[in-house]
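Student: I have a structure open, and I would like to understand how its labels are earned. Could we go through some of them together?

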Amino acid sequence: MILQRLFALFLLAICSALMVMAWPYQAAFSYEPIGPRAFPLLMLGLMACGLLYLAFRPTPLVHKDDEPELDRATLNKIVICVALLLVFAASFEPLGFILSSILIGVPMARLYGGRWLPSVVIIVLTSLSLYWLFDRVMEVPLPLGLLDVLEN
């Protein structure tokens, strides 16, 4: 438990340093109405809150047996998730948000036990909804990639 707390404090120090680095950032122009600095600061702030909780939470009195073991199957899922996220990062611009989200979302859902049809339907609807939310409601432009021909 002490190693977890020390690791959380170490990550909190890194998070704080990144927040200090991100605070003075000003872009010459901005596509987003809230500016380019808000998103990293928001993410780092949320991470800092979670790390504070992990560092100073009360120690559980009883060890729970329902915590998953860090076995080979779990480690394989973690490696596959990281690989899928790297593919998402690489395909985000060329394929666009919608197609890259579907490309990554369906295998991710299947990896965690989703059935084919519900996984595909939910991922497609979620990708389209998130694109609409970011592009139309929050006015944060996302790349369309190959679907660029559908834009007005």
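**Reasoning from values to labels**

Tutor: Gladly! Let's start with Cys-15: its sulfur is 9.0 Å from the closest cysteine sulfur, which belongs to Cys-49, and that is too far for a bond. Keep in mind that this is a predicted model.

Student: What makes 9.0 Å too far for a bond?

Tutor: A disulfide is a covalent bond between the sulfur atoms of two cysteines. The cut-off for the two sulfur atoms is within 2.5 Å. Cys-15 and Cys-49 have their sulfurs 9.0 Å apart, so the pair does not qualify. Cys-49 is therefore in no disulfide, and the count comes to 0 disulfides.

Student: How do you know whether Cys-15 is buried or exposed?

Tutor: Compare its relative accessibility with the limit. Buried means under 20%, and Cys-15 has 2%, so Cys-15 counts as buried.

Student: And Cys-49, is that one buried or exposed?

Tutor: Exposed means over 50%. Cys-49 has 51% relative accessibility, so Cys-49 counts as exposed.

Student: Why is Ile-2 called exposed?

Tutor: The reasoning is similar. Ile-2, which lies in helix 1, has 57% relative accessibility, so Ile-2 passes the 50% limit and counts as exposed.

Student: What makes up the nonpolar patch on the surface?

Tutor: Ile-2 is one of its residues, with Leu-3, Leu-6, Leu-9, Leu-52 and Phe-56 as the others. Together they have about 640 Å² of accessible area. Helix 1 (2-22) and helix 2 (38-56) each supply at least two residues, and helix 1 gives the most, with 4.

Student: Now the aromatic rings. Why is the pair of Phe-92 and Phe-97 called edge-to-face?

Tutor: A search of the whole structure finds 2 aromatic pairs. In the pair of Phe-92 and Phe-97, the centres are 6.1 Å apart and the planes are at 85 degrees. Centres must lie within 6.5 Å to pair, and planes over 60 degrees apart count as edge-to-face. Both conditions hold for Phe-92 and Phe-97, so the label fits. Phe-88, Phe-92 and Phe-97 form one aromatic cluster.

Student: How do you know that Phe-97 counts as buried?

Tutor: Phe-97 has 10% relative accessibility, under the 20% limit, so Phe-97 counts as buried.

Student: Which residues does UniProt list as "transmembrane region"?

Tutor: The unreviewed UniProt entry lists 38-56, 77-104 and 116-134. In the model, residues 38-56 are 100% helix, with their end C-alpha atoms 27 Å apart. Residues 77-104 are 96% helix, and their end C-alpha atoms lie 14 Å apart.

Methods: Residues are numbered from 1 along each chain as its sequence is written. This is a predicted model: local features need pLDDT of at least 70, side-chain atom pairs count only at pLDDT 80 or more; totals for chains, interfaces and linings use all residues. Side-chain values use heavy atoms; hydrogens and water are left out. UniProt positions are given in the numbering used here, feature names are shortened, and annotations may be inferred rather than shown by experiment. Patches are made of residues with over 30% relative accessible area and no salt bridge: like charges are joined within 9 Å, nonpolar side chains (Val, Leu, Ile, Met, Phe, Trp, Tyr) within 5 Å. Accessible areas come from the Shrake-Rupley method with a 1.4 Å probe; for residues, only the protein chains shown count as cover. A salt bridge is a side-chain nitrogen of Lys or Arg within 4 Å of a carboxyl oxygen of Asp or Glu. Buried means under 20% relative accessible area, exposed over 50%, partly exposed in between (1.4 Å probe, protein chains only). Rings of Phe, Tyr and Trp (its six-membered ring) pair if their centres lie within 6.5 Å; planes under 30 degrees apart count as stacked, over 60 as edge-to-face and the rest as tilted.
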